[in-house]
Number of protein chains: 4
Amino acid sequence: MSGEIVLGDNQYGKAETHVVRVFKRGDTHDIKDMNVSVALAGDFAGAHLTGDNSNVVPTDTQKNTVFAFAADEIGEIEDFALRLARHFVGDFETVHRARVAIEEFAWSGLGEHAFERTGEVRRLTTVSHTAGATSVVSGITGLVVQKTTDSEFHGYIKDRYTTLAETRDRIMATSLAARWRYRDTGVDWARCYEEATRQLKQTFAAHHSLSLQQTLYEMGKAVLVACEEIVEIRLSMPNKHHFTVDLKPFGLENPQEVFYAADRPYGLIEGTVKRDGVPDAPEAW
Amino acid sequence: MSGEIVLGDNQYGKAETHVVRVFKRGDTHDIKDMNVSVALAGDFAGAHLTGDNSNVVPTDTQKNTVFAFAADEIGEIEDFALRLARHFVGDFETVHRARVAIEEFAWSGLGEHAFERTGEVRRLTTVSHTAGATSVVSGITGLVVQKTTDSEFHGYIKDRYTTLAETRDRIMATSLAARWRYRDTGVDWARCYEEATRQLKQTFAAHHSLSLQQTLYEMGKAVLVACEEIVEIRLSMPNKHHFTVDLKPFGLENPQEVFYAADRPYGLIEGTVKRDGVPDAPEAW
Amino acid sequence: MSGEIVLGDNQYGKAETHVVRVFKRGDTHDIKDMNVSVALAGDFAGAHLTGDNSNVVPTDTQKNTVFAFAADEIGEIEDFALRLARHFVGDFETVHRARVAIEEFAWSGLGEHAFERTGEVRRLTTVSHTAGATSVVSGITGLVVQKTTDSEFHGYIKDRYTTLAETRDRIMATSLAARWRYRDTGVDWARCYEEATRQLKQTFAAHHSLSLQQTLYEMGKAVLVACEEIVEIRLSMPNKHHFTVDLKPFGLENPQEVFYAADRPYGLIEGTVKRDGVPDAPEAW
Amino acid sequence: MSGEIVLGDNQYGKAETHVVRVFKRGDTHDIKDMNVSVALAGDFAGAHLTGDNSNVVPTDTQKNTVFAFAADEIGEIEDFALRLARHFVGDFETVHRARVAIEEFAWSGLGEHAFERTGEVRRLTTVSHTAGATSVVSGITGLVVQKTTDSEFHGYIKDRYTTLAETRDRIMATSLAARWRYRDTGVDWARCYEEATRQLKQTFAAHHSLSLQQTLYEMGKAVLVACEEIVEIRLSMPNKHHFTVDLKPFGLENPQEVFYAADRPYGLIEGTVKRDGVPDAPEAW
């Protein structure tokens with residue numbers, strides 16, 4: 001009956017299981033530091049409607065599974081996420097879709113078995129898997145970059161609320177979050193991540209920008225040109241405003257040298273660059 | 001040509017303009033404390049492809065507009081968001097869709113013109129407006145609740161990775177985020193927010209739970225039953241685990257009295273409750 | 001020998017043991033939600049100089065002790081901190097000083113055994129205990145308040161770097177952190193906390209302010225006048241700037257009605273109000 | 001009169017002025033990214049007691065001063081902090097002490113005038129200056145390190161609350177905050193920072209640890225041995241617990257390979273290493 005109250009889309013899982021895997025070859029160790037989130041969708045109407053949990057894989061079990069699987073080889077985070085997602089869909093009839101999202105922290109060596117965490121940048125992946133389809137979206141977040149020239153902004157619409165002055169030279173700064181969708185699962189994950197990251201940084205640095213939108217598009221395009229395994233990329237670029245401080249009241253010049261780095265509000269530029277004709281996959285993200 | 005690199009979905013705007021509006025009736029003041037985010041979509045290919053900003057309303061202008069509009073009556077946050085969204089779509093041919101998201105902080109009076117911020121709870125709205133369609137999704141976030149009994153969890157699937165013991169009595173704690181979609185814009189926003197919030201709290205408190213999923217469903221259903229203006233509600237409920245501490249090593253009993261409140265990992269239960277037959281509106285969220 | 005490298009002050013402990021204690025009287029429950037941090041000082045030179053841990057009470061044991069002690073009656077957080085501190089100093093010869101700091105989250109009832117967390121305000125205590133001396137410093141943090149008039153600021157020093165305009169009417173907003181030292185341990189902790197908190201709010205609201213420093217002093221003084229058990233109070237008050245938005249470019253007036261709430265930088269006003277002649281106790285804080 | 005309510009210690013200032021300074025030599029740029037906090041103490045009783053601001057340098061002026069001074073050469077953050085502190089004490093009779101604290105974010109080049117922020121590590125300084133004395137405390141924070149072996153913990157006190165098993169091999173992980181006090185102001189700040197940081201990392205990596213306290217002491221000692229300009233160092237090292245996951249229920253071994261990285265509670269080890277006979281300087285910190 002129309003208007004009857006019904007259950008819609010739903011998923012559940014264990015979020016943020018933080019697992020560190022140490023690989024030992026004699027005294028030389030290596031580490032993999034991952035924050036793993038699992039979300040399952042499937043035949044869970046009973047749990048919602050009557051509290052019947054007979055179809056439910058507890059989130060505690062999901063956490064245990066992450067730890068148990070980490071005892072084997074991990075490979076890249078995409079490999080690990082795929083292995084987990086296939087397990088949940090393959091082993092449990094009631095699970096129709098598994099989404100496994102992993103963020104990986106980077107560490108550099110301080111010696112044979114000591115490490116320093118290198119920064120705010122995290123590598124990401126989200127695997128979405130059903131019996132019929134598997135998608136892999138990977139990415140990077142927390143990449144804070146700025147350029148101190150080669151950025152202009154002018155020619156925009158002026159209305160009664162416009163006070164912004166046009167500029168031919170400004171700081172452009174952002175904290176990049178980029179996620180890209182792979183064509184399929186036959187990919188050299190590590191190489192693609194390195195290449196995509198390299199393209200993002202290089203293009204940001206080298207491109208002479210007339211708007212943050214233009215920079216975003218060029219960055220996305222560079223990734224698609226360099227990585228044929230990638231069919232679509234979504235970029236989110238907050239415009240971390242650096243305002244030129246007016247030093248005239250103090251009898252000083254400021255030839256674009258002293259800036260106030262503001263927190264809020266901030267511009268937020270979001271866009272997708274993709275290969276024409278490739279079907280969208282909204283469920284992959 | 002298939003495979004050609006093209007621009008996909010995109011939007012841009014000014015995020016988190018934090019505006020405080022004071023209303024003065026003699027010595028008696030009232031305040032509205034809002035964090036406003038605007039995102040515009042439209043004919044912005046030029047900005048991306050060639051850096052041509054002639055179709056662009058600068059995010060700085062968007063911020064100014066928020067402040068200027070705040071000089072008039074605000075009404076409820078839904079009213080304010082609607083007014084802003086209609087302005088951007090109505091006044092600029094190049095803007096085809098405006099999304100205005102507002103979070104409002106609650107304050108209680110400490111006197112005629114002094115106020116205390118009341119908590120972590122924020123009221124939310126997101127208005128998505130085009131020339132042809134307007135949707136309003138409102139909600140609440142940061143509502144931290146727990147119940148110390150009337151929560152069970154058993155009867156779930158056991159596999160080789162299951163170690164969780166079944167329980168007939170546990171703490172259930174969550175930090176609720178709920179967002180609901182309104183049927184149209186002819187709504188008493190304040191009354192609906194109060195009623196929805198009341199239903200969410202009351203149902204959480206009163207329902208005897210066999211799973212967090214069941215509680216989620218009952219909470220969503222209660223909102224739909226009470227508020228006919230609401231056609232769909234999405235709830236996100238992290239399971240903030242409270243583990244019963246094993247005090248036996250210290251010669252002590254623990255009849256569900258001493259708990260360790262863990263941070264991570266946490267269960268994450270997400271679900272939708274809706275009226276049957278109402279068309280989905282993915283762009284509203 | 002002068003210049004020789006030596007060990008100086010040191011302490012160690014378990015920080016942020018988050019314990020929730022449920023008290024059950026039939027179906028009517030009550031909860032105590034505490035984040036407990038322990039720090040011990042004493043005869044720990046061996047652990048530092050040679051890795052000899054024979055004097056060390058492991059931080060894991062400290063955590064266990066917090067949970068075990070929570071099985072008994074808790075009382076107020078000051079009572080619980082005193083009990084823990086006395087245990088560590090009394091039971092272990094190598095522990096000369098124990099500092100136990102607790103932050104307590106407030107919850108209000110949603111029914112007999114359901115609760116809603118009420119806000120960002122946390123009640124604090126730090127007990128510092130040695131064989132010879134015990135001090136109790138309690139306080140409140142996260143109390144966000146603002147007043148929309150009755151605040152002036154003028155008559156200050158002007159130099160070549162001054163651009164601020166004097167004002168006879170501004171918003172004053174802060175996130176108060178206040179900590180006060182008790183005369184001794186024979187105190188009705190709950191009553192004093194309620195009274196101090198009441199005085200802080202009322203004075204903030206009622207005082208006509210010529211500077212944030214003046215408001216701070218009046219708030220501290222009000223607490224000392226009302227609570228004779230308190231000998232000293234330290235207040236930290238960030239000046240959460242609310243800037244009057246210039247709406248003239250848009251043809252609008254702004255009679256102190258529309259404000260931009262800034263994040264950083266912020267003023268930070270810190271001060272102590274105390275009873276004359278009472279000896280300082282730097283180790284208490 | 002004893003018991004009379006009086007003003008105690010107080011200071012005020014502008015916190016977290018985030019200034020970015022760009023240095024341009026043709027197309028080759030360099031940046032200095034600093035978060036500057038100023039706090040002044042002096043003859044401010046009038047502001048507190050009667051709201052008389054005639055001795056007050058507004059925090060807004062302090063902010064302006066930071067920006068104006070940034071138009072000159074910056075040097076190291078210690079140089080900049082000294083210059084600001086001397087200005088406030090030297091130019092204003094009512095200011096008796098200035099404390100200037102700066103945190104600096106590190107950036108690496110992505111090209112001639114593009115930069116990537118390198119991580120969570122921030123360099124710190126606090127200059128405390130009066131007409132008669134100047135102290136400089138510098139440091140580092142956010143240095144997240146771990147070692148996957150060469151860490152033991154055993155031989156500690158056991159009591160009725162002890163359940164921790166002794167271990168000959170564990171992960172040791174921390175997020176280091178270290179601050180050190182310089183002998184005077186005639187120091188090569190950049191070289192000392194580099195050397196101290198190098199010693200901290202190397203010692204953490206190379207030292208075979210019997211307790212976190214021992215590692216802390218060795219790290220501090222190494223800094224003092226290498227840097228004769230440093231007279232005292234304070235280290236704060238949270239023990240970021242990595243628990244070996246019990247995989248036996250799943251029929252798996254775990255030879256120290258799979259770890260759960262916990263958030264809270266955590267051990268917190270704090271200690272000072274110093275040169276014998278050097279007077280303490282509590283006001284420097």
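These are my notebook entries on how the chains of this predicted model meet and how two helices pack.

**Entry: chains C and D, the overlay**

I began by laying chain C on chain D. A turn of 180° and a shift of 0.0 Å along the axis does it, with an RMSD of 0.0 Å. That is the relation of a two-fold axis. I then looked for the C-alpha of chain C nearest that axis, and it belongs to Pro282(C), 5.3 Å away from it.

**Entry: chains C and D, the contact**

Next I looked up who touches whom. On one side there are 72 residues of chain C, and they are in contact with 73 residues of chain D. For chain C, I noted the elements that give two or more residues to this side: strands E1 (5-15), E2 (17-25), E8 (230-239) and E11 (266-275), plus helices H1 (45-49), H2 (59-69) and H5. Which of them gives the most? It's E1(C), with 11 residues. Sorting the chain C side by class, I got 29 nonpolar, 28 polar and 15 charged residues.

I also checked whether the two copies use the same patch. 100% of the interface residues of chain C are interface residues in chain D too, so the copies meet through the same surface.

**Entry: strands across the C–D contact**

Here I followed E11(C) over to its partner in the other chain. E11(C) is joined to strand E1 (residues 5-15) of chain D by nine bridges, and the two run antiparallel. One pair I picked out: Glu270(C) stands opposite Gln11(D) in E1(D).

**Entry: chains B and A**

Then I went to the other pair. This contact takes 73 residues from chain B and 73 residues from chain A. On the chain B side, the elements supplying at least two residues each include helix H5 (212-226) and strand E8 (230-239). E1(B) has the largest share of that side, 11 residues. By class, I wrote down 29 nonpolar, 28 polar and 16 charged for chain B.

Strand pairing turns up here as well: strand E1 (residues 5-15) of chain A pairs with E11(B) over nine bridges, in the antiparallel sense. Which residue of E11(B) is the bridge partner of Leu7(A)? I found Val273(B) there.

**Entry: two helices inside chain C**

Last, I looked at H4 (residues 189-206) and H5 (residues 212-226) of chain C. They pack at an angle of about 145°, and their axes are 9 Å apart. Their crossing is right-handed. Among the contact residues I listed Leu200(C) and Phe204(C) from H4(C), and Met219(C) and Val223(C) from H5(C). By class, this contact has seven nonpolar, three polar and two charged residues.

Technical notes: Residues numbered from 1 in each chain as written. Chains lettered and ligands numbered in written order. Predicted model: local features only at pLDDT ≥ 70, side-chain atom pairs only at ≥ 80, totals over all residues. Axes fitted to C-alpha atoms, helices over the stretch in contact; angles between N-to-C directions. Helix = DSSP H or I, 4+ residues; strand = E, 2+ residues; numbered from the N terminus. Left-handed = near helix turned anticlockwise from the far one by under 90°. Contact = placed C-beta atoms within 7 Å. Nonpolar A, V, L, I, M, F, W, Y, C, P; charged D, E, K, R; others polar. Least-squares fit on C-alpha atoms with pLDDT ≥ 70 in both. Pairing = 2+ DSSP bridges.
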